[in-house]
Amino acid sequence: MTIRRATEGDARRISYLIYKSIDHISDKNYSEEQIAAWKKINTPTAIKKSLQRKVIFCAYDYNKLVGTIGLKDGEAVGLYISYWKTRQGIGGLLLRHLEKYAKDNHMKTLKVTSIPSAEDFYLRKGYQITKQVLTDLEGVKFPEKEMIKTL
């Protein structure tokens, strides 16, 4: 497993991974409108643009992209794992990598806004719920929880 900083050349693979992940986690948690909004902000073009505003890391198993995570304004964002690689520790590896990067860059805390299906994962990793929030993507609301961890 190799974790490295994403480049524009990774955008297509990242977008594909996110689309497939959304398809596998969202069928029971989200409406069609929410899924469409979620996908709209994760096109290859949108991901290329986001590389200008945030740091994104990719986990590769040989030449296969198996996970991604980002950091924007003190918040961990966009943790996605290939649906066929879940529950194998990749999410934890990416999160620890991001936490180390944040700490090395003098951050004292890290925030995450968690979807319902990932809440237990973040709690096990030491994050504490601070409040419930409604995230707005393309005018569509998503009920989530803001969580924080001291690094």
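**Notebook: aromatic pairs and the strands around β4**

I looked first for ring clusters and found that ring pairs link Trp38, Tyr80 and Phe142 into one, where rings of Phe, Tyr and Trp (its six-membered ring) pair if their centres lie within 6.5 Å, with planes under 30 degrees apart counted as stacked, over 60 as edge-to-face and the rest as tilted. The model is predicted, so I kept in mind that local features need pLDDT of at least 70 and side-chain atom pairs pLDDT 80 or more, while totals for chains, interfaces and linings use all residues. Residues are numbered from 1 along each chain as its sequence is written, and side-chain values use heavy atoms, without hydrogens and water.

My search of the whole structure gave five aromatic pairs. Among them, Trp38 and Tyr80 have ring centres 6.4 Å apart and planes at 50°, so I entered the pair as tilted. Trp38 lies in helix α2 (residues 32-40) and Tyr80 in strand β4 (residues 75-81), so the pair ties together parts 42 residues apart in sequence; helices (H or I, at least four residues) and strands (E, at least two) are DSSP runs, numbered from the N terminus. Trp38 is buried at 7% relative accessible area, and Tyr80 is buried at 12%, where buried means under 20%, exposed over 50% and partly exposed in between (1.4 Å probe, protein chains only).

I then turned to the strands, which pair if DSSP finds at least two bridges between them. Strand β3 (residues 64-72) runs antiparallel to β4 with five bridges, and Lys72 stands opposite Glu75 in β4. β4 and strand β5 (residues 109-114) run parallel, joined by two bridges, and Glu75 stands opposite Lys111 in β5.
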